[in-house]
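Welcome! Here is a friendly walk through one sheet and a handful of ring contacts, for anyone meeting this structure afresh.

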Amino acid sequence: MIRLTVSALVLALMTSTSVQAQDAVGAPPEQTRFKAQVYEPVQHDAATTQALARFNNDRYAMFIHWGIYAQAGGVIRGKRFYGASEWLMQRSKTPSAEYLALAEEFNPVDFDAKAWIRTIKAAGFRYVVITAKHHDGFAMFKSAASKHNIVDGTRFGRDPLKELAEAAKAEGVGLGFYYSQYQDWTEPNGGGNDWEFDPKKTDFDSYFNTKVVPQVTELLTNYGPLREIWFDTPGPMAPEYSKRLRELVKKLQPDCLLNSRIGNGLGDYSSPSDSEVPPASLVHGGDWESVFTHNRSWGYSAFDNDFKSTDTLIELLATSASRGGNFMLNMGPDGRGRFPEGAQSRLLKVGDWLKVNGESIYGTTRSPLPQTPWGVATQRGKRLYLHVLDRPADGVIRVPGLTEAVTKVTLLAGGAALPFKQGDGLAITLPKDATPSDDLVIAVDTREPVAARRDQGAVLSPVYGRQPLDVADAVLSEGVGLEAVKTQLSVDDTRKYYTVVGLDDPAKSIAWTVQVERPGDYHIDLQYSATAAQAGREGVVEMNDQKRAFGVVETGKIERRKPVFLAFQPVGILHFDKPGRYTVAIRPQTAGQELFAIRALYLTPAN
Ligand code: JFZ
């Protein structure tokens, strides 16, 4: 069931922000709970506005983390370090001299810029962002500002960024560079290396002036036009430095975009936290680009082959596009310069899907529809694309409330016309013999563009199983706040989800609007965590005069660097007696007692 992966991801990966989410060093963030970010549109100058239009047209990008850490592949002194392999030096507290010995071994003879770009193009990526310098400080380009660079510091002696820039230009693929502007572990004055250098003696200003400014200048001068500079982990960097970086980049290339991790609110677009697609309700039209690892590491890992399947990747891409953002998927080439086979084969399959269905992704705008159980939508003027991520058992795709006159419904793959009925909403019958594909796309043509109706309420369907109502999509009453929680997924890898704070009075509530087309019963389940102090507290799920009381069980505290355990608690049945819109709310029974840290309410058809 494809949709299961989506729900699992949607529930497992969602959150908010970038800069606020970081601890002093930047990442991995030490905070466990923090305020949710909303994605609002921002005013920009003309060059940036134009660049953002192209950015939003592109939708799909490849991220490449490649450095001398690829040579180690997550293993040093015979010991494996799980999670992000580009953090190897920090995790193992390796001194600079020992770490830099990797450069002597690093000789990526299989690196072939043209072949990389061919793969990138065949996989459907519109631009590629590669690490020019990561936190280890080793530049993957020729630099006069530091001898720790691939041309002067390895026997390879070539500048891969130069070769990539040329190949990308020849093939019409956009190029951007990642640059770690604050952390630099092999420079005594850079940030982040507290196992070797005394942070009190660090002269960041000197580091900034002698390495960051010259190198960023080199990157913006020697490699042709760049789509974006992807700064990262600004940590405690003063606003003055973010401002100088911004001015430097825009002076050299006015239409080069800057992500929010430049720090101090000075980016052109938002980078959500890693491996997160912002929830639909928090996206109010701002520009963003989500970044995901393909396995559990950004840099190459010799022992991590947990690559996301093709279905999951397509789902993440379609979901990002349906919320008006870009999906940038990472690849970690190995020490010889090869893309890991387990990653490449899956990416090429996404590319095959895009060859047929790319029209439903590139150049589209966010979905005008509320949450629907079959999947997500994207839009292009008078054409709406329905991405059927989970096929209905009865073969009928329903879009309640779609009132614009539909002129034609077709399968995007092959163009076959599909029978449809339009009354209170739209009902489309899928062909019985439709080949199973990851994401079946239906094109719906209307006389007028389908108007936004995102707040009409999540569509409930008796044909589907468990349907989530996430707290990120809830209406919170006064005094209740939305927070992101980080949970430990595996060693050195976290995921975020949302919860609320302040649900501590019968006058306070969280509520969702749902719409049903047919009368029916639904089971309620609550997913939450609760502390020992919260055990036994009582709450109620309400819909009109139906009230279903429940008591809270203890699951444990939300603790830093630990998995959060969540109860999945059955509460009762809600009866929807006629088609229409309903409000489902949760409120505490007693004043002064915070109920729990709830993540979602689920409704499941109860025959
Ligand atoms: C940073 C880097 O430290 C990491 O190595 C990789 O380059 C990644 C793309 O970015 O890691 C972060 C930064 C921010 C968050 C998490 C990891 N965050 O905001 O949750």
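## A sheet and its rings

Four strands make up an open sheet, ordered β19-β29-β24-β27, with antiparallel pairing. At its edges are β19 (467-470) and β27 (567-576), each of which pairs on one side only. From one strand to the next, the twist averages 25 degrees. Here strands are DSSP runs (E, at least two residues), numbered from the N terminus, and two strands pair if DSSP finds at least two bridges between them. The twist rests on axes, lines fitted to C-alpha atoms, with angles from 0 to 180 degrees between N-to-C directions.

This is a predicted model, where local features need pLDDT of at least 70 and side-chain atom pairs count only at pLDDT 80 or more, while totals for chains, interfaces and linings use all residues. Residues are numbered from 1 along each chain as its sequence is written, and side-chain values use heavy atoms, leaving out hydrogens and water.

Let us stay with β19 for a moment. It is joined by 4 bridges to strand β29 (residues 597-605), and the two run antiparallel. Within this pairing, P468 stands opposite Y602 in β29. Y602 also has a charge over its ring: R466 lies over the face of Y602, at 5.6 Å from the ring centre. Likewise, K79 lies over the face of F81, at 5.0 Å from the ring centre. A charge sits over a ring if NZ of Lys or CZ of Arg is within 6 Å of the ring centre and within 35 degrees of the ring normal.

Now to rings that meet other rings. The structure holds 31 aromatic pairs. Rings of Phe, Tyr and Trp (its six-membered ring) pair if their centres lie within 6.5 Å; planes under 30 degrees apart count as stacked, over 60 as edge-to-face and the rest as tilted. Two of these pairs are set out below.

| Pair | Centre distance | Plane angle | Kind |
|---|---|---|---|
| Y178 and W230 | 5.7 Å | 20 degrees | stacked |
| F292 and F327 | 5.5 Å | 65 degrees | edge-to-face |

The stacked pair links distant parts of the chain: Y178 belongs to strand β6 (residues 174-180) and W230 to strand β7 (residues 228-232), 52 residues apart. The edge-to-face pair also bridges distant parts, with F292 in strand β9 (residues 289-292) and F327 in strand β10 (residues 326-331), 35 residues apart.

Are these rings buried or exposed? Y178 is buried at a relative accessible area of 0%, and W230 is buried at 1%. F292 is buried at 0%, as is F327 at 0%. Buried means under 20% relative accessible area, exposed over 50% and partly exposed in between (1.4 Å probe, protein chains only).

Finally, ring pairs link W66, F106, F111, W116 and F339 into a cluster.
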